[in-house]
Amino acid sequence: MTSLATGVILLLVALCGLSAGSRDIVGDVIRLPSEASRFFSPGGGDDDSTGTRWGILIAGSSGYWNYRHQADVCHAYQLLRKGGLKEENIIVFMYDDIAYNVENPRPGIIINSPNGEDVYKGLHGEDVTVNNFFSAILGNKTALTGGSGKVVDSGPNDHIFIYYSDHGGPGVLAANAIESSWGTYCPGDYPSPPPEYETCLGDLYSVAWMEDSDIHNLQTETLHQQYQLVKRRTANGNSAYGSHVMHYGDIGLGTDNLFVYMGTNPANDNSTFVDENSLIPPSKAVNQRDADLVHFWDKYHKAPDGSTRKVQAQKQFVEAMSHRMHIDNSIKLVGKLLFGIGKASEVLNTVRPAGQPLVDDWACLRTLVRTFETHCGSLSQYGMKHMRSLANLCNAGIGKEQMAEASAQACVNFPSGPWSSLHKGFSA
């Protein structure tokens with residue numbers, strides 16, 4: 001990378017949890033320290049003379065029950081391509097285990113909405129690792145392992161769009177301090193996926209910003225205008241099936257037109273921005289931590305009685321539930337062993353005031369996570385919800401040795417199913 005791009009936008013899917021760091025939180029806005037403006041100075045205009053647009057798209061999950069994350073990222077890729085970004089300037093990280101998965105009713109095709117077009121065409125994913133992601137954004141080709149070898153090679157006037165879709169948790173990926181995100185277009189929802197699909201097709205937040213971008217002229221719509229529309233749609237009327245979208249970073253970027261970062265589809269040139277979202281919110285949505293259960297249950301429900309598929313779906317559902325109960329009970333027991341029955345709940349469930357970081361010592365949090373998982377098995381995507389509890393242990397002065405002793409006592413053994421396996425590494 002020849003120099004740091006002057007304009008960068010990072011859109012995160014509405015994940016569960018908030019890593020507040022040393023940020024100033026006012027209302028639904030999280031402001032970076034004031035010196036951040038040196039790195040995020042609003043630049044550019046509405047033409048390509050401002051530099052090159054780059055896109056980095058990441059789907060961090062795998063498994064067919066997480067279909068929605070790769071579908072989100074594939075949709076984002078098509079959006080950027082229609083906006084004029086060149087294929088060589090878009091880097092896509094995903095496990096690429098969905099399109100040709102045996103569970104996919106339309107092999108080689110991925111959709112992000114019930115009546116949506118194929119968003120997988122022209123795509124293949126890069127190897128998804130932390131090292132490859134950092135190597136790509138830093139322009140370090142020699143550090144890449146596998147994949148196409150593409151990296152961002154930006155100049156001083158370039159703009160970089162980064163979009164990440166995955167599970168999250170407090171201190172892991174950011175959205176909101178106490179809310180989970182939601183899957184949408186799920187079996188049983190309205191609108192629901194085609195009947196042959198047994199999984200959620202998208203995430204509520206991701207679908208909201210992309211479906212808005214699909215129909216508007218991005219040369220006239222600003223970041224702030226889209227934020228307001230997406231916020232209303234994702235809140236879903238402040239019902240139980242929605243979450244509250246947050247602002248991050250330099251809020252001054254809100255006056256920039258979306259075109260600066262994503263280009264725009266010429267087919268929308270005559271589109272007029274309307275300050276009301278014409279896209280209908282879903283009647284309900286699925287908590288993102290329960291999307292795997294929705295898949296297994298729908299698979300079980302639709303499979304013929306006595307079939308191998310029905311037996312397999314039942315086994316998958318039971319394994320997932322067993323893992324959840326094991327993780328929940330183990331965290332509670334660790335807390336009781338360390339602080340006693342009376343105080344454990346208070347320590348584990350503490351939520352720090354706005355403006356304070358989740359944890360004072362991030363290295364401690366990583367150590368405690370790995371220590372717990374060594375004795376109790378992987379937290380997995382579901383167990384990410386307990387990151388705050390583990391952070392609270394660090395803040396209370398618990399060290400590696402104490403954690404190892406408590407975890408060993410709490411977890412004499414753990415389920416042998418795939419959810420508890422550490423074959424993919426530690427969660428932190």
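A salt bridge is a side-chain nitrogen of Lys or Arg within 4 Å of a carboxyl oxygen of Asp or Glu. The exercises below apply this rule, and others, to a predicted model.

**Exercise 1.** Determine whether Asp 203 and Arg 68 form a salt bridge, and state which parts of the chain the pair ties together.

*Solution.*
Step 1. The closest N and O atoms of Asp 203 and Arg 68 are 3.3 Å apart, and the two residues form a salt bridge.
Step 2. Asp 203 belongs to strand β10 and Arg 68 to helix α1 (residues 67-82), so the pair ties together parts that are 135 residues apart in sequence.
Step 3. Asp 203 and Arg 68 are both buried, a term that stands for under 20% relative accessible area.
Step 4. By the salt-bridge rule, the count for the model comes to 14.

**Exercise 2.** Describe the sheet to which strand β10 belongs.

*Solution.*
Step 1. The sheet is open and has three strands, in the order β10-β9-β12, with antiparallel pairing.
Step 2. Strands β10 (202-203) and β12 (286-287) are the edge strands, each pairing on one side only.
Step 3. Two bridges join β9 (residues 182-184) to β10 in the antiparallel sense. Thr 184 stands opposite Gly 202 of β10.

**Exercise 3.** Compare the settings of two further salt bridges, Lys 82 with Glu 117 and Lys 302 with Asp 298.

*Solution.*
Step 1. In the salt bridge between Lys 82 and Glu 117, the closest N and O atoms are 3.0 Å apart. Lys 82 lies in helix α1 and Glu 117 in the loop between β6 (90-93) and α2, so this pair ties together parts that are 35 residues apart in sequence.
Step 2. Lys 82 has a relative accessible area of 39% and is partly exposed; Glu 117, at 41%, also counts as partly exposed.
Step 3. Lys 302 and Asp 298 meet at 2.9 Å, N to O. Both lie in helix α6 (residues 291-302), and because they are four residues apart, about one helical turn separates them.
Step 4. Lys 302 is partly exposed at 38%, whereas Asp 298 is buried at 11%.
Step 5. Salt bridges can also be linked: Glu 103, Glu 198, Lys 299 and Arg 309 make up a network of them.

**Exercise 4.** Identify the largest nonpolar core and the elements that contribute to it.

*Solution.*
Step 1. The largest nonpolar core has 43 residues, and Leu 57, Tyr 67, Ile 110, Trp 209 and Met 262 have the most contacts inside it.
Step 2. Two or more residues come from each of β5 (53-59), α1, β6, β7, α3 (204-215), α4 (223-235) and α5 (259-262). Helix α1 gives the largest share, eight residues.
Step 3. Beyond its neighbours within four places in sequence, Leu 57 is in contact with residues including Val 73, Ala 76, Leu 80, Ile 91, Phe 93 and Phe 161.
Step 4. A second, separate core has 25 residues, among them Ile 331, Cys 364, Cys 376 and Ala 410.

**Exercise 5.** Decide whether Leu 138 is buried or exposed, and name the patch to which this residue belongs.

*Solution.*
Step 1. Leu 138 is located in the loop between α2 (130-137) and β7 (159-165).
Step 2. The relative accessibility of Leu 138 is 55%; exposed means over 50%, so Leu 138 counts as exposed.
Step 3. Together with Val 130 and Phe 134, Leu 138 forms a nonpolar surface patch with about 320 Å² of accessible area.

Methods
Residues are numbered from 1 along each chain as its sequence is written. This is a predicted model: local features need pLDDT of at least 70, side-chain atom pairs count only at pLDDT 80 or more; totals for chains, interfaces and linings use all residues. Side-chain values use heavy atoms; hydrogens and water are left out. Two strands pair if DSSP finds at least two bridges between them. Patches are made of residues with over 30% relative accessible area and no salt bridge: like charges are joined within 9 Å, nonpolar side chains (Val, Leu, Ile, Met, Phe, Trp, Tyr) within 5 Å. Accessible areas come from the Shrake-Rupley method with a 1.4 Å probe; for residues, only the protein chains shown count as cover. Buried means under 20% relative accessible area, exposed over 50%, partly exposed in between (1.4 Å probe, protein chains only). A nonpolar core is a set of buried Ala, Val, Leu, Ile, Met, Phe, Trp, Tyr and Cys residues joined through side-chain atoms within 4.5 Å. Contact means heavy atoms within 4.5 Å.
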